[in-house]
Amino acid sequence: MAGALTSSKEASAVSASFEAALARLSDGYIHGNFGGRAWGVTVKRSEDGKRTWLYGEELGGTDIISFNFYRLAASGSLLKPCEMSSTKVIEFVLGFEPSTQKAVPSS
């Protein structure tokens, strides 16, 4: 996603794509790929479905991704990245490809 959003229509399309991609991620710990690198990602959702928390680490690397996403009744939704840009979070969620294999817990 290069460059700034040029219209509210474009921003709405990105928001809808982001929310759909986030909804496809299952709760709990999952392995996957982003940018040609392996990642471990944990997703937790509140019981009422209003908050989604995601934390991911590049496996064998140093990059991380972390954010909270809130669904608000009056004003739509709110993305709160943890010490990183919203652009980085959106690009990660849109580009992350979960593994089709079950994650094996490390011992």
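Okay, let me start with one residue: D27 is partly exposed, at 48% relative accessible area. Keep in mind that this is a predicted model. So what does D27 form a salt bridge with? The partner is R45, and the closest N and O atoms are 2.3 Å apart. R45 sits in strand 2, while D27 is in the loop between helix 1, residues 8-24, and strand 1, so the pair links distant parts of the chain, 18 residues apart. R45 also counts as partly exposed, at 29% relative accessibility.

Let me zoom out for a moment. We've got two helices and six strands in the chain, and from the N terminus the elements go α-β-β-β-β-β-α-β. There are 107 residues, and buried ones make up 25% of them. The accessible surface is about 6,900 Å², with 53% of that belonging to carbon and sulfur atoms. If you take the contacts between residues at least 6 apart in sequence, 36% of them join residues at least 24 apart.

Now the sheet. It's open, six strands, antiparallel pairing, and the order is 5-4-3-2-1-6. Which strands stand at the edges? Those are strand 5, residues 76-81, and strand 6, residues 97-98; each has a single partner strand, so one side of each has no neighbour in the sheet. Further in, strand 1, residues 28-34, pairs with strand 2, residues 37-45, in the antiparallel sense over seven bridges. If you want a register check there, I30 has V41 in strand 2 as its bridge partner.

Then there's helix 2, residues 86-95. Helix 2 lies across strands 1, 2, 3, 4, 5 and 6, and runs at about 90 degrees to strand 4.

Stay on strand 4, because I'd like to show you S66, which lies there. Is S66 buried or exposed? It's buried, with a relative accessible area of 9%. Skipping its neighbours within four places in sequence, S66 is in contact with L54, Y55, P81, C82, M84 and V89.

On to the rings. The count is seven aromatic pairs. One of them is W53 with Y55, which is stacked: 6.4 Å centre to centre, with 10 degrees between the planes. W53 is partly exposed at 24%, and Y55 is partly exposed too, at 27%. Then take F92 and F96: their ring centres are 5.2 Å apart and their planes are at 25 degrees, so that pair is stacked as well. Both F92 and F96 are buried. And they belong to a cluster, where ring pairs link F34, W39, F92 and F96.

Last topic, back to charges. How many salt bridges are there? Four. You've already heard about R45 and D27. D63 is another residue to look at. D63 forms a salt bridge with R37, the closest N and O atoms being 3.7 Å apart. That pair links distant parts of the chain, with D63 in the loop between strand 3 and strand 4 and R37 in strand 2, 26 residues apart. D63 is partly exposed at 23%, and R37 counts as partly exposed at 33%. The side chain of D63 also meets K88 in a salt bridge, 2.7 Å from N to O. K88 is in helix 2, 25 residues apart from D63, and counts as partly exposed at 29%. Put together, salt bridges that share partners join R37, E58, D63 and K88 into one network.

Key
Residues numbered from 1 in each chain as written. Predicted model: local features only at pLDDT ≥ 70, side-chain atom pairs only at ≥ 80, totals over all residues. Heavy atoms only, no water. Helix = DSSP H or I, 4+ residues; strand = E, 2+ residues; numbered from the N terminus. Buried < 20%, exposed > 50% of the residue type's maximum accessible area, 1.4 Å probe, protein only. Contact = heavy atoms within 4.5 Å. Areas by Shrake-Rupley, 256 points an atom, 1.4 Å probe, with all protein chains shown as cover. Pairing = 2+ DSSP bridges. Axes fitted to C-alpha atoms, helices over the stretch in contact; angles between N-to-C directions. Phe/Tyr/Trp six-rings, centres within 6.5 Å; stacked < 30°, edge-to-face > 60°.
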